[in-house]
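Colleague: I have this one open and would like to go through it with you. Can you take me round the chain?

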Amino acid sequence: MRNYELLSIIKPNIDSEEFDNLVAKIEEAIVALEGKVTSTDKMGRKKLSYDIKDFRDGYFVVHNFEMDPAQVAKFNRQLRLNENVLRIMLLETSEVKA
């Protein structure tokens, strides 16, 4: 298991209930792929540096989680297929042992 950090930008035109459901679906996808969510930070609605798919702002969410590296590609694909997710950035945050 390795540690990962996921930054998601979600479309701003969804209501708060849909937003909460989407965040829960992301967490459920992590658990379904035998991962473990360690923290979730809903940073709120922020202005984007440039337009993404004609949106000037979006909801930012950061998930920290543990997952087997073999499952990360499947998880990444699931996120990219979701039409309400504008952009993602997935980083491995595990410490390198010398």
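**Confidence and overall fold**

Modeller: Among the elements of the protein chain, the lowest mean pLDDT is that of α2 (92) and the highest that of β3 (95). Here pLDDT is the predictor's confidence in each residue, from 0 to 100, and the elements are DSSP runs numbered from the N terminus, with helices (H or I) of at least four residues and strands (E) of at least two. This is a predicted model, so local features need pLDDT of at least 70 and side-chain atom pairs count only at pLDDT 80 or more, while totals for chains, interfaces and linings use all residues. Residues are numbered from 1 along each chain as its sequence is written, and side-chain values use heavy atoms, with hydrogens and water left out.

Colleague: What does the protein chain average in pLDDT?

Modeller: The average is 92, and 97% of the residues score at least 70.

Colleague: And in what order do the elements run from the N terminus?

Modeller: The order is β-α-β-β-α-β, which comes to two helices and four strands.

Colleague: What is the radius of gyration of the protein chain?

Modeller: The protein chain has 14 Å, which agrees with the value near 13 Å for a compact globule of 98 residues. That radius is taken over C-alpha atoms, and the globule rule is 2.2 Å times the number of residues to the power 0.38. Along the principal axes, the C-alpha atoms fill a box of roughly 45 × 30 × 20 Å.

Colleague: How much of the protein chain counts as buried?

Modeller: 36% of the 98 residues. Buried means under 20% relative accessible area, exposed over 50%, and partly exposed in between (1.4 Å probe, protein chains only).

Colleague: Contacts next. What share joins residues at least 24 apart?

Modeller: Among contacts between residues at least 6 apart in sequence, 73% join residues at least 24 apart. A contact is heavy atoms within 4.5 Å.

Colleague: On to α2. Which of its residues are buried?

Modeller: V72, F75 and L79 are the buried residues of α2, which spans residues 72-81. Seen down the helix axis, they fall within an arc of 65 degrees, so they line one face of α2. The arc is that of the directions from the helix axis to the C-beta atoms.

Colleague: Why would a spacing like that put residues on one side?

Modeller: An α-helix has 3.6 residues a turn, so residues three or four places apart point the same way.

Colleague: Which residues are exposed on the other side of α2?

Modeller: A73, R77, R80 and L81. As for the buried residues of α2, their cover includes β1 (2-10), α1 (16-32), β3 (55-67) and β4 (85-92).

Colleague: Which members of the largest nonpolar core touch the most others?

Modeller: L6, I10, F19, F65, M67 and F75, out of 20 residues in that core. A nonpolar core is a set of buried Ala, Val, Leu, Ile, Met, Phe, Trp, Tyr and Cys residues joined through side-chain atoms within 4.5 Å. The elements giving two or more residues to this core are β1, α1, β3, α2 and β4, and the largest share, six residues, comes from α1. There is also a second, separate core of six residues, with I9, I52, F60 and L86 among them.

Colleague: Y59 caught my eye. Is that one buried or exposed?

Modeller: Y59 counts as buried, at 18% relative accessibility, and lies in strand β3. Leaving out residues up to four places away in sequence, Y59 touches S8, I9, I10, K11, P12, I14, F19, G44 and R45.

Colleague: Where is S8?

Modeller: S8 is in strand β1 and counts as buried at 1% relative accessibility. Beyond four places in sequence, S8 touches I26, Y59, F60, V61, R87 and I88.

Colleague: Backbone now. What is phi at E34?

Modeller: About 65 degrees, a positive value although E34 is not a glycine. E34 sits in the loop between α1 and β2 (36-52) and is exposed, with a relative accessible area of 61%.

Colleague: And what about phi of K53?

Modeller: Phi of K53 is near 50 degrees, again positive in a residue other than glycine. K53 is in the loop between β2 and β3 and counts as exposed at 56% relative accessibility. Most residues other than glycine have a negative phi.
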